[in-house]
Amino acid sequence: MNNKHKKYINRAFYLAQKGMGSVAPNPMVGCVIVKNENIIGEGYHKKFGKPHAEINAIKNVKNKKTIEGSSIYITLEPCSHYGKTPPCVDEIINYKPKEVIISNKDPNPKINGKGIKKLKENNINVIEGIHEAIGKELNKRFFLNQKYKIPYVVLKWAETKDGFIAKTNGESKWISNDVSRTLVHKWRSEESGILIGVQTAIKDNPKLTVRRWKGKTPIRIIIDPNNRLQNTAKVLKEKPVTLIYNTTTTKKRESNYFININPFSIHNIIQDIYKKGISSIMVEGGTKTINYFIDSNLWHEARIFVSNKKFNKGIIAPNLNIENVNKEDINGDELYITNNNAQF
């Protein structure tokens, strides 16, 4: 019985992942409706503000009468409150399934067991905790957001085999290869925001957009305490929103928002970023900016490209305290590191 549940929950996980980069700050959710060992409907949450996974799965069922007595598999507890959409739990109850099987209880205080309670009150059996750890990993950003009210922080950089992030003159363009640069654009499309320091904005003048991958460009964030960013910067010319954190000015100019933070600290910036609805950020800044996050222990994941090239001298790459993290070597040239002792 348990293996059967795992099979259909795994299918729901697969569907949920299709919403990566499109549903934040909501969680990714998949739903599979099963009757007599056959999938009669399935769906996932496609876009923030649009119908949830359960509603899309129900719409996908050709004969709605067959939902009665069915088993509904959902990666996350169905919502029980009015938000951008009506409560999914009420729609489920209307179709009278015999049971609802979920991976995780929703950590959102507005829900957190209320959907499960309502299902049970309407004589629908509820089974919880199927592949619970996988479900939490899938929605690690959402779970962190709900618990600590800060964005999930991913650090990203490329370094040479001898540990440099750039040459002495700041040049770093060719440390990584074409494949890794495409992968970075995919990663950008999966996060709500992308952050760099002003020195990187001045030296590299990047667009910080998604061009090599299909997906939306995240909100650009610049750490610029002394207002050094020039009007000719590409991040100020492109259409996506840019937030510029500084110590003196609060104003809006087209799609650019200059934000005065006082006292000026990574902690206060991170908290303000979350208040603006940005649930995750990828930090692509130089060593100085990345080390701010490392020194404050305000990061959750690091993705590092390690090239076979050597510079012999230059700007030293960020320094992680490896004792505090789990390190996994991927393909020999990519390191994925998870911080299990992050401050948040």
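Leaving aside neighbours within four places in sequence, E191 is in contact with R141, V154, P218, S280, M282 and R303. I begin with this residue, and I should say at once that the model is predicted.

Where does E191 lie? The residue is found in the loop between α7, residues 178-190, and β8, residues 193-197. Is E191 buried or exposed? Its relative accessible area is 2%; because buried means under 20%, E191 counts as buried. One of its contacts deserves separate mention: the side chains of E191 and R141 are joined by a polar contact of 2.7 Å.

I turn now to helix α1. This helix runs over residues 2-16, 15 residues in total, and reaches 21 Å from its first C-alpha to its last, close to the 21 Å expected at 1.5 Å a residue. Its buried residues are H5, Y8, I9, A12, F13, L15 and A16. Seen down the helix axis, these fall within an arc of 160°, so they line one face of α1. The general background is that an α-helix has 3.6 residues a turn, so residues three or four places apart point the same way. On the other side of α1, N3 and K7 are exposed. The cover over the buried residues of α1 includes the strands β1 (30-35), β2 (38-44), β3 (71-76), β4 (99-104) and β5 (125-127), together with helix α5 (132-138).

Finally, helix α2, residues 53-60, is mostly covered, with six of its eight residues buried. Which residues of α2 are buried? They are A53, E54, I55, N56, A57 and I58. What covers them includes β1, β2, β3 and helix α3 (88-94).

Technical notes
Residues numbered from 1 in each chain as written. Predicted model: local features only at pLDDT ≥ 70, side-chain atom pairs only at ≥ 80, totals over all residues. Heavy atoms only, no water. Helix = DSSP H or I, 4+ residues; strand = E, 2+ residues; numbered from the N terminus. Expected span 1.5 Å × (residues − 1). Buried < 20%, exposed > 50% of the residue type's maximum accessible area, 1.4 Å probe, protein only. Arc of directions from axis to C-beta. Contact = heavy atoms within 4.5 Å. Polar contact = N/O pair within 3.5 Å; in protein donor to acceptor, adjacent residues only side chain to side chain.
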